[in-house]
Amino acid sequence: MNVIVCVKRVPDTETRIRVDASGSGIDTAGVKYIVGPYDEYALELALLTKEAKGEGEVTVLTLGDAAAQETLRKALAMGADKALLLTGESGMDGLATAKALAAELGASEAPLVLFGVKSIDDDQQQVAPMVATLLGRACVTGVASFGVADGKVVCHREVEGGVEVVEAPLPAVLSITKGPHEPRLASLKGIMAAKKKPLEEKPATAVPSRLRVRSLSEPPGRPPGRIVGEGPDAVPELVRLLREEAKAI
Amino acid sequence: MADVLVFAEQRDGKLSGTTREVVSVAARLAVSLGGSAHVLVLGAPGSVNGAADLGRYGAAAVAVAEHDALGEYNPEGYAGVVADHVRKSEYAAVLFAATSLGKDLAPRVAATLDVPLATDVTGIEADGGSITIVRPVYAGKAFATLEVDATPVVASLRPNVFPPTERAAEGAVSTFTPEIDPSSWKLRVIERRQESGEALDVSEATVIVSGGRGMKDPSNWKLLEGLRDALGSGVALGASRAVVDAGWRPHGEQVGQTGKTVAPKLYVAVGISGAVQHLAGMRTAKTIVAINRDADAPIFNVADYGIVGDLFEVLPRLTEEIAALKADG
């Protein structure tokens, strides 16, 4: 079964974010980029699906600039079969991103399209359900694991305080969260093989953004806190402060 | 075109606590825009309680869409009814709560209406007829001020950020039966399993008791559960990435850039050192308490109150003191 996994190049989670001179972007000097952590979970489930079925191809797709080639190569090294880079801007307007992706995905016959549940940069958590809505396909979000049988996908999703099992007909779009399957590491053999795998590049359908970043600011600093004391003897004073000063309990 | 619509979420007929927050924001925006705040609730016939009460927070009108198939959330069913309702009027803005339901629903509604969506918004102002939005990016390591070039402006608001504000309005409740065809819905929920007692998501909790690697063993979570129970209702357990990665706690509890970003009134970090990606996820909490052995742990840089010490001594004492306080009223 063919599966398409949409991935995004994002700054590593350990990155300290600094606002650049323009005031509306981040200073990218020294920033290390990674494949979106949730996108890696999506890729892992795609590879497991292909392996379970014993046939099919896993394609990784991204919208971005030339630097995103590195992200796609990483995904190829993990085991994806081929990659497609749609060159264009992927900004805050998730609907613009969704339209650019849907223009490509609508023409594909892959029954499953997977996304990470969210990108850890813009964190809008919206592109997967938007793509599905634009294409008129079923969409299940926050899927931890799934199984495919008889033209349907059965998904286990995380909900408040529990688990929900949802069935959707194929073709379907799923957004994947962390589940029981840890993403595999790229092996040296995988990294070598990735260099020879096909990576196609073409311009994305241009969609104007209607949600623009006017300015970016660093989070307001917190007033300096204090160490109330050491060990359990400090507890009564902590409780008093929480009640009388912070009015938090 | 100055009215603001709120999608209000109900569970078992009860309106969610975040509804009052979102209605309060809608009423404030509507005043600035010269319109009024409207609310839409979906549910089974006769099942929705407390709709009229939203008038206290500034809702001029509450429409209840009733249908047997709308008692429980269905993504396609709900998105269709909400989008149809929005199209019937000319709203300046449509607001959701950024709960897990809101995060699933709002993108579908926005895509159906062909307008952009701002998620997990922490600031929203109307000025001279235009609406400006502030939302965290990089899990709170920065905040973006956004301009929206579309009408209506669609946004989901982060729970616990906007205080509910009383502002009397009529709160006139009307019900209607939407035209829907459940047989066309593609998704089918086969099973819902409740694993913990209270269906409270960590991103909606007003108090979070969070544990990290310093807890040493998953069985020690009974200490955190004890503190949670002593603190009363609206309290959820949280976890650091390290303990989720170790399989001690479910990912749904994870706070941080690869988990949930939270803004509770009180965040108690126990045995959490405070990695950059964890701090990003909880630094907008109103009050932060840290309990850690290591006086140099980065968590103390964001904590309002810290106790340096052995959590296995401090935690039972804290639970005891808080339980005594609550018992005294």
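Which residue of β18(B) is the bridge partner of Arg226(A)? It's Tyr305(B), and that little pairing is a good door into a two-chain structure. Before we walk through, some ground rules. This is a predicted model, where local features need pLDDT of at least 70 and side-chain atom pairs count only at pLDDT 80 or more, while totals for chains, interfaces and linings use all residues. Residues are numbered from 1 along each chain as its sequence is written, and chains are lettered from A and ligands numbered from 1 in the order in which they are written.

Let's start with chain A by itself. Chain A has 6 helices and 13 strands; here helices (H or I, at least four residues) and strands (E, at least two) are DSSP runs, numbered from the N terminus. Its C-alpha trace spans about 65 × 45 × 40 Å along the principal axes. Of the 249 residues in chain A, 48% are buried. A residue is called buried if 20 or more other C-beta atoms lie within 10 Å of its own, exposed if 12 or fewer, and partly exposed in between, with C-beta atoms placed from the backbone. Two residues are in contact if their C-beta atoms, placed from the backbone, lie within 7 Å. Take the contacts in chain A between residues at least 6 apart in sequence: 70% of these join residues at least 24 apart.

For a close look at burial, find helix α4 of chain A, residues 127-135. Because 8 of its 9 residues are buried, α4(A) is largely enclosed by the rest of the structure. Val127(A), Met130(A) and Leu134(A) are among those buried residues. What do the buried residues of α4(A) pack against? Their neighbours are α3, β6, β7 and β10 of chain A, together with α3 of chain B. Right after α4(A) comes Gly136(A), with a positive phi near 70°.

So chain B already shows up in the story. In total, 70 residues of chain A are in contact with 72 residues of chain B. On the side of chain A that touches chain B, the largest share, 8 residues, comes from β9(A). That side divides into 35 nonpolar, 16 polar and 19 charged residues. (Ala, Val, Leu, Ile, Met, Phe, Trp, Tyr, Cys and Pro count as nonpolar, Asp, Glu, Lys and Arg as charged, and the others, Gly among them, as polar.)

Now for the strands. Strands of a sheet pair through backbone hydrogen bonds, either parallel or antiparallel. Two strands count as paired if DSSP finds at least two bridges between them. Within chain A, β8(A) and β9(A) pair in the antiparallel sense over 8 bridges, and Val153(A) has Ala168(A) in β9(A) as its bridge partner. β9(A) also reaches across to chain B, where 6 bridges join it to β13(B), again antiparallel. There, Gly162(A) stands opposite Gln194(B).

Back to our opening pair. β13(A) and β18(B) are parallel and share 4 bridges, with Gly229(A) opposite Ile307(B). This pairing belongs to an open sheet of 6 strands, in the order β13(A)-β18(B)-β17(B)-β16(B)-β14(B)-β15(B), with parallel pairing. The edge strands, each pairing on one side only, are β13(A) and β15(B). Neighbouring strands of this sheet are turned by 20° against each other on average, direction ignored. Helix α8(B) packs on the sheet too, touching β16, β17 and β18 of chain B, and its direction makes about 135° with that of β17(B).

That same α8(B) also meets a helix of chain A. α6(A) and α8(B) pack at an angle of about 45°, with their axes 9 Å apart. (Axes are lines fitted to C-alpha atoms, for helices over the stretch in contact, and angles run from 0 to 180 degrees between N-to-C directions.) That makes α6(A) oblique to α8(B); angles under 35 degrees count as roughly parallel, over 145 as roughly antiparallel, 65 to 115 as roughly perpendicular and the rest as oblique. Residues making the contact include Val239(A) and Arg243(A) from α6(A), and Leu318(B) and Ile322(B) from α8(B). By class, this contact has 7 nonpolar, no polar and 3 charged residues.
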